[in-house]
Amino acid sequence: MPLTLPSFPRAPDAGTAAPGPDSLAVPPIATAGQALRHALTGEGRGLRLAAAGALLMLHQVCEALVPVMIGVAVDRAIAPGNPVAMAWSLAGLAAVFVVLTASWRMGFRLNTRVFGFGEHSLRQAVLDRVVRTPGPARTHGPGRILSIASSDTSMTAGLSWTVARQLAAFSALATSAVALLLISWPLGLGVLAATALFLAAMHLVTRPLERRTYRQQAAAAEATQMATDLVTGLRVLQGAGAVGVAAQRYRDASRGSLAAAMTRARSNALFNAVTVSLSGLFLAGIAWVAATQALAGTITVGELVAVVGLAQFVRDPMSWMAFFAADLAEKRAAARRVAEAVGAPAGDGGVATGASAYPNARTEGALLAVRIDAAPAPEAAPAPLWEIVLHPGRITGLAVDGAAAQRLAGLLSGELPAVPGELDVLGSDATTLAPEELRRRVFVAEHGAAVFSGSVRHNLGAGEVRSELLEAAAADEVLQHLQGGLEAEVGEQGRLLSGGQRQRLLLARALHQPQPVLVLHEPASAVDPVTEARIAAALRSVRPSGLLLITTSPLLLGACDAVLHPPAGFHAPGPSGPSASSHAPAASDAPAADSLATESTADGDTHVRP
């Protein structure tokens with residue numbers, strides 16, 4: 001019975017396919033400025049930010065009018081004893097308080113939406129970049145990515161609060177300065193001059209703060225990465241007796257993070273001390289000048305009340321404006337780290353290849369075709385071409401391990417970039433497929449795949465759990481030892497399971513995937529031979545579509561329709577070797593000469609062209 005494959009749209013012959021429906025429409029973020037602009041104005045947030053800023057400015061204008069209206073009430077209602085003027089003054093104050101309360105509430109709500117959605121969009125951009133291209137994950141590591149996707153995105157999006165606060169502070173100072181100019185022009189000019197000097201002094205204090213903030217955030221991310229590595233590899237470290245060394249490395253990283261945090265805290269403390277001191281001097285100076293003018297009869301008692309009230313009021317807006325440089329320094333430092341993650345090059349781990357010299361031939365009816373330029377060993381003949389073709393309903397084994405197996409799995413999953421003509425999937429060159437489209441066609445069950453926190457059912461990721469697939473993966477035996485069966489919790493990263501149980505759960509997850517091409521990388525290395533033989537015998541009956549086994553297990557290879565060993569001269573270079581031999585295994589992984597170019601079938605499913 002012929003195999004019926006899912007219908008996939010054919011990719012274009014050239015160029016890169018447009019992002020699929022799951023792709024995020026996030027503009028390029030390669031610099032700190034672009035990250036900050038996207039957080040503030042991206043996806044229509046600019047209008048909300050403008051409205052929030054206008055409402056908060058209105059709130060501060062009303063706040064500044066309160067001492068002015070009290071001063072007017074003193075001169076026109078209290079001093080002359082006029083009850084009608086007092087009633088009008090109280091009504092005016094009540095109206096001002098209604099406006100300032102409503103404007104603050106609406107402005108705060110709008111700005112919260114700008115911040116929340118901006119933070120979420122940046123976090124999605126970071127995670128989307130990590131999932132679709134492995135560059136950031138390799139450059140930064142899981143712990144650093146976690147720190148960037150949480151604290152750095154939040155701090156970057158927090159620029160919306162900084163902008164709104166600065167707009168509100170400007171309106172407050174402008175209203176106060178106008179009121180003081182109307183009361184006494186020397187006081188108004190004094191406020192404007194003092195504000196300019198105050199901001200200039202604060203700029204000098206905050207110059208080194210951005211550098212220290214960046215170093216502190218980087219040190220904290222380094223400690224997070226170290227802790228992640230330590231927890232993830234704890235079993236291996238215990239087996240190797242290296243827990244003490246790893247713990248010491250984490251202590252060193254943690255102390256470095258603490259030292260950076262203390263340096264930043266000292267800078268902030270100095271900044272706060274200078275701000276409070278200058279604000280106090282400013283307030284005392286205005287009060288002294290106003291009291292002097294009141295004694296001289298230049299201003300009235302009500303105007304004195306208004307001046308003192310305004311002097312107390314403008315202390316907070318001046319502090320906000322003084323903190324602008326420090327806030328911006330923190331936001332810029334966080335945005336730099338976000339941009340470094342989102343805009344990181346799609347690193348290939350030193351395994352990129354040059355343009356293939358072989359044409360992109362279509363193998364009729366094949367699910368998968370891989371053509372790899374093999375790197376010649378020293379003094380060897382010219383490099384042969386290693387060609388792998390997978391047909392529907394067949395199981396093909398690739399007898400490779402080590403670096404070669406990992407790089408081949410990375411190529412098939414899209415984690416490592418392919419060159420034109422190197423990888424053909426369902427009649428389409430992989431270089432013309434978007435990453436999500438490639439993953440809809442090929443599922444690669446990597447040897448070190450993750451087990452997620454939650455239940456067994458959650459980890460299978462299938463709408464309907466099929467008992468025959470659980471039996472084929474020998475996962476039914478795992479369920480017998482877990483209280484709760486499919487609903488049993490597996491712990492963080494599957495820590496409640498043994499190594500063999502984790503591997504069988506991962507194999508069951510892979511068998512439940514609907515992709516027409518399934519790639520298994522050493523799926524039974526942690527189980528006993530009896531269980532491995534059971535898995536090998538069951539694979540053919542439960543996987544009607546194409547299956548590619550990357551393994552050196554004789555039991556699994558014995559269940560394959562075709563087994564392929566690397567051709568002669570197939571050697572992988574070191575980290576500094578030529579790029580043209582990117583997908584080759586290390587020299588130490590090369591098979592013996594008598595195992596080269598062997599096949600277990602002659603039906604043409606998989607072959608070597610020497």
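## Exercises on helices, patches and burial

Gly33 sits in helix H1 (residues 32-41). Helices here are DSSP runs of H or I with at least four residues, numbered from the N terminus. The model is predicted: local features need pLDDT of at least 70, side-chain atom pairs count only at pLDDT 80 or more, and totals for chains, interfaces and linings use all residues. Residues are numbered from 1 along each chain as its sequence is written, and side-chain values use heavy atoms, with hydrogens and water left out.

**Exercise 1. Classify Gly33 by accessibility, then find its separation from Arg332.**

Step 1. Take the cut-offs: buried is under 20% relative accessible area, exposed is over 50%, and partly exposed is in between (1.4 Å probe, protein chains only).
Step 2. Gly33 has 25% relative accessibility, so it counts as partly exposed.
Step 3. In sequence, Gly33 and Arg332 are 299 residues apart. In space, their C-alpha atoms are 7.7 Å apart.

**Exercise 2. Check the span of helix H9.**

Step 1. The expected span is 1.5 Å times one less than the number of residues.
Step 2. Helix H9 (residues 243-295) has 53 residues, so it should span 78 Å.
Step 3. Its end C-alpha atoms are 76 Å apart, which agrees.
Step 4. Look past the helix: Gly297 follows H9 and has a positive phi, near 80 degrees.

**Exercise 3. Assign the positive surface patch to a helix, then contrast Arg113 with Asn111.**

Step 1. Patch residues have over 30% relative accessible area and no salt bridge; like charges are joined within 9 Å, nonpolar side chains (Val, Leu, Ile, Met, Phe, Trp, Tyr) within 5 Å. A salt bridge puts a side-chain nitrogen of Lys or Arg within 4 Å of a carboxyl oxygen of Asp or Glu.
Step 2. The members are Arg48, Arg105, Arg109 and Arg113.
Step 3. Helix H3 (residues 83-132) gives the largest share, 3 residues.
Step 4. Arg113 lies in H3. At 35% relative accessibility, Arg113 is partly exposed.
Step 5. Asn111 is also in H3. At 0%, Asn111 is buried.
Step 6. Asn111 and Val163 are 52 residues apart along the chain, with C-alpha atoms separated by 9.9 Å.

**Exercise 4. Describe the nonpolar surface patch.**

Step 1. Leu181, Trp185, Leu189 and Leu192 form the patch.
Step 2. Together they have about 420 Å² of accessible area, computed by the Shrake-Rupley method with a 1.4 Å probe; for residues, only the protein chains shown count as cover.
Step 3. Helix H6 (residues 185-206) supplies the largest share, 3 residues.
Step 4. Leu192 lies in H6. With a relative accessible area of 44%, Leu192 is partly exposed.

Methods: Helices (H or I, at least four residues) and strands (E, at least two) are DSSP runs, numbered from the N terminus. Lys and Arg count as positive and Asp and Glu as negative; His and the chain ends are not counted. The place of a charge is taken as NZ of Lys, CZ of Arg, CG of Asp or CD of Glu.
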